[in-house]
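Trainee: Could we take a close look at one buried spot inside this model, and then see how it fits into the rest of the chain? I am new to this, so please explain each term as you go.

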Amino acid sequence: MLFKLALKNIKKSVKDYSIYFFTLVIGVVVFYVFNALDSQTAMLSVSESTREIINMLNMFLNGVSAFVAIILGGLIIYAGNFLIKRRKKEFGVYLTLGMSKRRMSMILLTETIIIGILSLAIGLVLGTALSQFMSVIVANIFEADMSRFTFVFSADAAIKTGIYFGIMYLVVMIFNTVSVGKARLIDLLYGAKKEEKLRLRNPIVCFLLFIVAAAALAVDYYTVTVRLNDIHSETGLIIILAVGAVSTFLVFWSVSGSILYIVTKMKGYYFKRLNSFILRQFSNKANTMVMSMTVICLMLFLTIVLLGSALSLANSMNSNIKDLIPCDVMIGKHGDDGGDVVSAYIKEGFDMSVLQDVEVVKYYDSEGLTMSDTMGEYLEPALGNYIFVTRESQETFMSLTDYNTLARLFGNEELSLKEDEYAMVADLGIVVEARTNSMRAGRSFEFKGHTLTPAYLDCKKGAVTMSLNKSNEGVVVVNDDLLKGSKVLSQRIFANFKGETKEELAKTDKYVVDFFESRGGINEDMYYGTKIEMKEQSIGLAAMATFISLYVGVIFLIASAAILSLKELSESTDNVERYAVLRRIGTDEKMINSSLFKQIGMFFEFPMFFAIIHSIFGLKATNNIFAVYSSDKMGMSICITAIIIVLIYGGYFLLTYFTSKRIIADYTYRQQ
């Protein structure tokens, strides 16, 4: 009997529960897809080092899943509370007809179990299908062989999803049962008629708090963008985040408490069409959700920053593989023992016959010349941005011939110098700018009895070593004659592997790695780097950042949109009588629908607007943090992030609008 009644209630209210059910299904899908990554990648044919990277990625995702489960659990509890509020009158009727609270709780418990099982089942089916596409994405990222690709269902991911969601549903069931059990009959029957009191806060207090909060945010924005390197500890970062969160709360508190006061003074706008109704509805909701709006705004901010930064990092690192790793291997030797690097490695037993297109370049000591000597006061803006950029940092010199050899290799501009001229080359943005300013000012310096003047008006952008990231804080390029007899800091061999096939190149790569590993790996004297190894490291870091950011970001986005949606649907249920009054006084359907669309739009836009403002500075800060990887082009990443937000956040907005529209229309139909 209870099961039949619960099933009948679900069928009757299926449209009202669409947001709740939709959110549960999406949560299961996302949870399963990311936790099934281990099973999906097990069939991929990858190298041992790539397999280790994928295993590490899975380990991180498993850890993040616990955090995601907490977020989803809170969301489900919030949604459950909405459902109880939506059905208070129904429960009150049950009690009036003589049903005990225990029996009523059992009905609600049965409904929750049915909805939970249905959402879990549908979510697992959809998740299993989508996880196959995840295999293709992972294979593409890691350039894996998919010849062994088969349809895979991850039992471990399904069990983990079932356990996590089972615990969530259990908590929801307990919460709902206790909530209904404590409710009084009068509250159940007339709870929908009770309105949250609209509070007009003191406008002067609101204005003063807004100014204080805006000033605090401005200081935060300045600190994380211009003075980011002044943050030297976790405590400093925590303080900045705490100030930002509190200031955001005060902004919402002051704006929501004074917006109605402000617009009522704008008589021409306030009394136009249904603006007074729309603004009072919006003000009422914003007033009662200050804390929720703050949390939602911060979650949206984190979503934008996480997705934008991770995608930008991945794009930049992929670009760096092409730009900063132009050949198959770099082998180096520190120090100046009078010999050349090739002979030194042949003496160590290295087989040079496995290499082709061999180029050897040298890097020279500056004989005490520091960055402060070459750049003077123009160095100041670059100080503190990188640990190796200080006033006492020693410069590194290269001969014109050696640099032009590298320029051809890296696809950079070749240089030409007259007697007693110098050029500077760097690839770290702030340092490039500082060096350019010094050269444009005609900065000269003494070296070996010669006064060197700049040959160009700008510092040339370029790399002088193979690396995953931009690491050239600057080298000084001079004519070859000036470096005769100078101390050699290091020598490097840049070369390609002999062989045409992927297997042949991998074999030579393994030979190089094994050669160094047999001698204790990289040490103070000898070092190396291969394109294959660097590429795998780059891909692994990019994949880890992208997947974890997508996982957390999408969950935050779903949670934010769902909370707003459920709150709006709850308000629409409570306010159906107001819309009925609008119809009775002659308001046409088009105007009513327009007012509903506008107030829901304002409700969704309110936290997003401030989240976008926060994100502008947040993305700037992360771009500075990852400057050594960044390509300085975040446009594509921001576009992709915007598409994800529009699809999920915009999807919830439209679903909320059409569901609210139906709730209001159904009430009107019943009244006729």
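Mentor: Let's start with a word we will need often: two residues are in contact when heavy atoms of theirs lie within 4.5 Å. The model is a predicted one, in which local features need pLDDT of at least 70 and side-chain atom pairs count only at pLDDT 80 or more, while totals for chains, interfaces and linings use all residues. Residues are numbered from 1 along each chain as its sequence is written, and side-chain values use heavy atoms, with hydrogens and water left out.

Our spot is Thr303, which sits in helix H13 (residues 290-324). Helices (H or I, at least four residues) and strands (E, at least two) are DSSP runs, numbered from the N terminus. Thr303 counts as buried because its relative accessibility is 0%. Here buried means under 20% relative accessible area, exposed means over 50%, and partly exposed lies in between (1.4 Å probe, protein chains only).

What does Thr303 touch? Setting aside residues up to four places away in sequence, Thr303 touches Gly553, Phe556 and Leu557. Thr303 also shows how the fold brings distant parts of the sequence together: Thr303 and Ala611 are 308 residues apart in sequence, yet their C-alpha atoms are 9.3 Å apart in space. The chain as a whole has many links of this kind, since 85% of its contacts with a separation of 6 or more join residues 24 or more positions apart.

Now follow Leu557, one of the residues that Thr303 touches. Leu557 is also in contact with Tyr649, and Tyr649 has further contacts with Leu300, Ala561, Leu564, Phe604, Pro607 and Met608, leaving aside its neighbours within four places in sequence. Tyr649 is in turn one of the residues with the most contacts inside the largest nonpolar core, together with Phe165, Tyr551 and Tyr652; this core has 95 residues. Helix H19 (residues 531-574) gives the largest share of this core, 18 residues. A nonpolar core is a set of buried Ala, Val, Leu, Ile, Met, Phe, Trp, Tyr and Cys residues joined through side-chain atoms within 4.5 Å. In soluble globular proteins, nonpolar side chains tend to be buried together.

A second threonine makes a nice companion to the one we began with. Thr248 lies in helix H10 (residues 234-264). Thr248 is buried too, because its relative accessibility is 2%. Beyond the residues up to four places away in sequence, Thr248 touches Leu217, Thr294, Cys297, Leu298 and His614.

Next, step over to the strands. Apart from the 95-residue core lies another core, of 51 residues, with Val361, Phe447, Val464 and Met534 among them. Val361 has Arg492 in S9 as its bridge partner. Strand S2 (residues 355-370) runs antiparallel to strand S9 (residues 488-497), and eight bridges join them. Two strands pair if DSSP finds at least two bridges between them.

S2 also pairs with S3, in the antiparallel sense, over three bridges. Across that pairing, Asp365 stands opposite Thr396 in S3, and Tyr364 stands opposite Phe397. Strand S3 (residues 394-399) is mostly covered, with five of its six residues buried. S3 pairs with S8 as well, here in the parallel sense and over three bridges, and Ser399 has Val478 in S8 as its bridge partner.

S2 holds a small surprise too. Glu367 is found in strand S2, and its phi is near 60 degrees, a positive value in a residue other than glycine. Most residues other than glycine have a negative phi, and most peptide bonds are trans. Glu367 counts as partly exposed because its relative accessible area is 46%.

Finally, the whole picture. The chain has 22 helices and 10 strands, and buried residues make up 51% of its 672 residues. How confident is the predictor? The chain averages a pLDDT of 79, and 79% of the residues score at least 70; pLDDT is the predictor's confidence in each residue, from 0 to 100. Confidence is highest in strand S8 (residues 475-478), at a mean of 94, and lowest in helix H8 (residues 185-190), at 53. Where pLDDT is low, the predicted coordinates should not be read in detail.
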